[in-house]
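Subject: Structure handover

Hello,

Below is the structure I said I would pass on. My notes on it follow, starting with the whole chain and then moving to single residues.

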Amino acid sequence: MIFRLPLISFISLFFLLLSTIANAQTQNTFTGWGALFSTYKLNNKFSIHFDGQARSTDELKDMQSYIIRPGLNYHVKDNMIATVGYAYIGNHRSVMDVDGWIPEHRIWEQFIFNQKFTLSNRPVTLQHRFRLEQRFMGQPVIDQNELVTDNFEFAQRLRYFARSIFPLSETANFTNGAFLALQNEIFVNIQNAPNDSFFDQNRAYLALGWRLSPKFDIEAGYMNQYILGKNINTVNNIVQVAAYVRL
């Protein structure tokens, strides 16, 4: 089971190499992301998911986008969760030097499969997440010197996410202390690709975190986001701070 995460990394690298060959022009950016991921248990079968995120522009100058993403979880088994939800994304855009906020609405469905195993006398978790998104992306136009939404374009995207948490101290039951988090997520377009390609982006992430209690984690780390564009690819170097709440 532990070898699955390196396999994911190799698959991601393969897609990155293909996309780099297809489009060699690449820009580099540096941004900051803040995120809160929370779960509130309703009963043995249902819980509420919520995550909120804020992301900066290049060089941390301004706000680039924010995400509000609630959902309803159904706990199929102790290690399996099915979710349906909605997401609102506000994106700061500029057209001919006119700035404004353009929305994107998403309906999303996902399935999570959690694995647990022991490595070096430490309980290690490995989460697999499959998410399907129906995206309604606002298209900006200038109206009376203001940037407004003209219409919405529809697209569908599939995401595969894997995340592993490794406690830094030997313990039989990890309830508090430092940990390493390693994750990777691959995005592919399956309908009306905005970049006219199957591959959309990849996010590789490494973080150092602290579990304050079984209900609360906080972490900070580096994410490398590779985005395949129509004409210019982007390598986004991200410093991320995230909190995880389980109630």
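At 47% relative accessibility, Asn192 counts as partly exposed, because the figure falls between the 20% and 50% cut-offs. Asn192 sits in the loop that links strand E8 (177-191) to strand E9 (199-213). Its phi is positive, about 55°, although Asn192 is not a glycine.

Please keep in mind throughout that this is a predicted model.

The whole chain

The chain has 1 helix and 11 strands. In sequence order the pattern is α-β-β-β-β-β-β-β-β-β-β-β, so you can use the strand labels below to find your way, as they are numbered from the N terminus.

The radius of gyration is 19 Å, which agrees with the value near 18 Å for a compact globule of 247 residues. Along the principal axes, the C-alpha trace spans about 60 × 40 × 35 Å. Of the 247 residues, 43% count as buried. The accessible surface comes to about 13,300 Å², and carbon and sulfur atoms account for 61% of that.

Among contacts between residues at least 6 apart in sequence, 56% join residues at least 24 apart. As for charge, the chain has 22 positive and 20 negative charges, and the mean positions of the two sets are 13 Å apart.

Another loop residue

Gln144 is in the loop between strand E6 (122-143) and strand E7 (146-167). Its phi is near 55°, a positive value in a residue other than glycine. Gln144 counts as exposed because its relative accessibility is 73%, and the cut-off for exposed is over 50%.

Residues in strands

Asn73 belongs to strand E3 (residues 63-77). Its relative accessibility is 6%, so Asn73 counts as buried; the cut-off is under 20%. Which side chain does Asn73 join through a polar contact of 2.5 Å? The partner is Thr83. Leaving aside neighbours within four places in sequence, the residues in contact with Asn73 include Thr39, Lys45, Phe46, Ile81 and Ala82, and Thr83 is also one of them.

Val84 is part of strand E4 (residues 80-95). With a relative accessible area of 46%, Val84 is partly exposed. Residues up to four places away in sequence aside, Val84 touches Gly71, Leu72, Trp108 and Glu109. Phe37 lies 47 residues from Val84 along the chain, and their C-alpha atoms are separated by 16 Å.

Glu219 is in strand E10 (residues 216-227). Is Glu219 buried or exposed? Glu219 is buried, because its relative accessible area is 2%. A polar contact of 2.7 Å joins its side chain to that of Arg163. Arg163 is also among the residues in contact with Glu219 when neighbours within four places in sequence are left aside; others include Phe179, Ala181, Tyr205, Gln240 and Tyr244. The C-alpha atoms of Glu219 and Asn189 are separated by 30 Å, and the two residues are 30 apart along the chain.

If you want to look at a few places in the model, I suggest the polar contact between Asn73 and Thr83, the polar contact between Glu219 and Arg163, and the positive phi values at Gln144 and Asn192.

Regards

Note on methods:
Residues are numbered from 1 along each chain as its sequence is written. This is a predicted model: local features need pLDDT of at least 70, side-chain atom pairs count only at pLDDT 80 or more; totals for chains, interfaces and linings use all residues. Side-chain values use heavy atoms; hydrogens and water are left out. Helices (H or I, at least four residues) and strands (E, at least two) are DSSP runs, numbered from the N terminus. The radius of gyration is taken over C-alpha atoms; the globule rule is 2.2 Å times the number of residues to the power 0.38. Buried means under 20% relative accessible area, exposed over 50%, partly exposed in between (1.4 Å probe, protein chains only). Contact means heavy atoms within 4.5 Å. Accessible areas come from the Shrake-Rupley method with a 1.4 Å probe; for residues, only the protein chains shown count as cover. Lys and Arg count as positive and Asp and Glu as negative; His and the chain ends are not counted. The place of a charge is taken as NZ of Lys, CZ of Arg, CG of Asp or CD of Glu. A polar contact is a pair of N or O atoms within 3.5 Å; within protein, one must be able to donate a hydrogen and the other to accept it, and residues adjacent in sequence count only if both atoms are side-chain atoms.
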